[in-house]
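The following report concerns a single structure and takes up a few of its local features in turn, beginning with the backbone.

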Amino acid sequence: MTDLADAVRLLYDTLLFIGVSIMYVAEAVVLSLIPRRFRGKNITGEVALVTGGGSGIGKLVAIKLAKLGAHVIVWDINEHGIEDTVKQIKEAGGKGCGYRCDLTDREDIYRTAKAVKIEVGPVTLLVNNAGYVCGRTLLDLPDEEIDRTYQVNILSHYATTKSFLKEMMKDNHGHVVTVASVAGLLGTYRCTDYSATKFAAIGYHESLFTELRAHGYDGIHATLVCPYFINTGMFNGVKPRLLPMLEPEYVAEEIVAGILTNQVNVVLPGSVRYLLPLKCFLPAKMCWALMYQIMQGPQSMMTFKGREVLQDQNANIPMTRSEKN
Ligand SMILES: NC(=O)c1ccc[n+]([C@@H]2O[C@H](COP(=O)([O-])OP(=O)(O)OC[C@H]3O[C@@H](n4cnc5c(N)ncnc54)[C@H](O)[C@@H]3O)[C@@H](O)[C@H]2O)c1
C-alpha cells in the first residue's frame, strides 16, 4: 500500500515538475525578447555593501549601484581606494560612505557590520567581491599566504553574510552577490589556494541559495558571478592565449545587470559556459591536451606577476570610518 502511495506521489510530483518546467522555459524565452534595461528592478533606497570596493571591479560596481540610487557602503583595507570610490560616488550625485575593514579578521567584520547597522541601516544588497591571489605553485606557497587567501576569498563570506542576513530574512527582501571566478569551475596552474577558495565560494553560494529557497525566502535573491581573467591588475603578467582578458567596465556592467534582473548565474564571457561541460564529457587525457596544447592555460599563468604591495599598504592602520554621508 505504501509502495503504491509513493509511486502515485512520485507520478504527481513528476507531472507537476513537467508543468512548471514548461512555464519556466516559456518565461525565459519571453524575458530574452525584452531588452535588459526594461526588466531591471529599482534599487533606489537599497543599502548596498561592496567588499573590496576600493579598487577594480568592486569600485566600478559600487559607483554604478550608487548612480542607480542605492546608498553604497564600501569596505576595503585600502583607505586611499575607499576615499577615491566615495569621492567618485558623491561627484556622480550618489550616496556613499566607506569603512576600513580587514576581511582576514572576523572580529573586525562583526565590529564594522555593527557600526554600519547603527550609522547607515540594515544592508539589503551584499556584494562579496573582495579577493586576494598569491599566484605561486604549491611548494612555494607560504602557509600565511594560503591562510590569507582562504580568509579573504571565502571565510569572510560567512561573517559578512551572517551579519546582514537576519534583517533580510525578517523582511524577505534582499540580494547576496558572490564574486567567484572561472577558476572556481576549473582548477588552474599556480592557483591551488586561489582556485580552491573560488570552488568553495561557489559551493557556499549555491548552498546558501538552497537554504533560502527551501525555507521560502523567495524575496532574497542570490547572484553568482564567475568571470574569466580581468584587466584590473590582480592577474598582472598573465597572457591568455585564446580568450582575451576581460575589460573591468564590461564585467562591472554585467554584474550590475545581473543584480538588477535577479540573474542566478553570471558567467563571463558567456562562451565559457559551453566549454566547461567538456571537462565531464571528454576523456581526461584529451581534456589535458586541450588545456595544455590549445588553450595553454598553465603556460599563461607562468608569467603571473600580480599586485605586489597593494594588499598590505594599510595593514597597521586601525579601523576608521573613512567618510559618512
Ligand atoms: N582580476 C581577475 O582576473 C579576476 C578574475 C576572476 C575573478 N576575480 C575576482 O573578482 C573580485 C574582484 O577582483 P579585482 O580584479 O577587482 O581585484 P582587485 O585587486 O582590483 O580588488 C580586490 C579588492 O579587495 C581588497 N581586499 C583584499 N584583501 C582584503 C582584505 N583583507 N580586507 C578587505 N579588502 C581586501 C583589495 O584591497 C582590493 O581593493 C575578486 O573576488 C577576484 O577574485 C578577478
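Gln296 is partly exposed in this predicted model, because 15 other C-beta atoms lie within 10 Å, a count that falls between the limit of 12 or fewer for an exposed residue and that of 20 or more for a buried one. This residue has a positive phi of about 50 degrees although it is not a glycine, and its place in the chain is the loop between α10 (284-295) and α11 (297-301).

Arg190 likewise combines a positive phi, here of about 65 degrees, with a side chain that is not that of glycine. Its setting is the loop between β5 (174-179) and α6 (194-214), and Arg190 counts as buried because 21 other C-beta atoms lie within 10 Å, where 20 or more are required. The two residues are set side by side below.

| Residue | Phi | Other C-beta atoms within 10 Å | Class |
|---|---|---|---|
| Arg190 | about 65 degrees | 21 C-beta atoms | buried |
| Gln296 | about 50 degrees | 15 C-beta atoms | partly exposed |

A further backbone feature concerns a proline: the peptide bond that leads from Leu268 to Pro269 is cis, with an omega near -5 degrees, and Pro269 itself belongs to the loop between β7 (265-268) and α8 (272-275).

Helix α6, which follows the loop that holds Arg190, also takes part in a helix pair. Its axis and that of helix α5 (residues 143-171) come within 7 Å and cross at roughly 15 degrees. Since angles under 35 degrees count as roughly parallel, α5 is therefore roughly parallel to α6, and the crossing in which α5 passes α6 is left-handed.

Around the ligand there are 31 residues, of which Gly52, Gly56, Leu103, Gly131 and Thr232 come nearest. When this shell is divided by class, 14 of its residues are nonpolar, 14 are polar and 3 are charged. Helix α2 (residues 56-67) gives the most to the shell, with 3 residues.

Towards the start of the numbering, an unreviewed UniProt entry places a "transmembrane region" at residues 15-34. In the model, the chain over residues 15-34 is 95% helix and 0% strand, and the C-alpha atoms at the ends of this stretch are 29 Å apart.

Definitions and conventions: Residues are numbered from 1 along each chain as its sequence is written. This is a predicted model: local features need pLDDT of at least 70, side-chain atom pairs count only at pLDDT 80 or more; totals for chains, interfaces and linings use all residues. A residue is near a molecule or strand if its C-beta atom, placed from the backbone, lies within 6 Å of it. Helices (H or I, at least four residues) and strands (E, at least two) are DSSP runs, numbered from the N terminus. Ala, Val, Leu, Ile, Met, Phe, Trp, Tyr, Cys and Pro count as nonpolar, Asp, Glu, Lys and Arg as charged, and the others, Gly among them, as polar. UniProt positions are given in the numbering used here, feature names are shortened, and annotations may be inferred rather than shown by experiment. Axes are lines fitted to C-alpha atoms, for helices over the stretch in contact, and angles run from 0 to 180 degrees between N-to-C directions. Angles under 35 degrees count as roughly parallel, over 145 as roughly antiparallel, 65 to 115 as roughly perpendicular and the rest as oblique. A crossing is left-handed if the near helix is turned anticlockwise from the far one by less than a right angle, and right-handed if clockwise.
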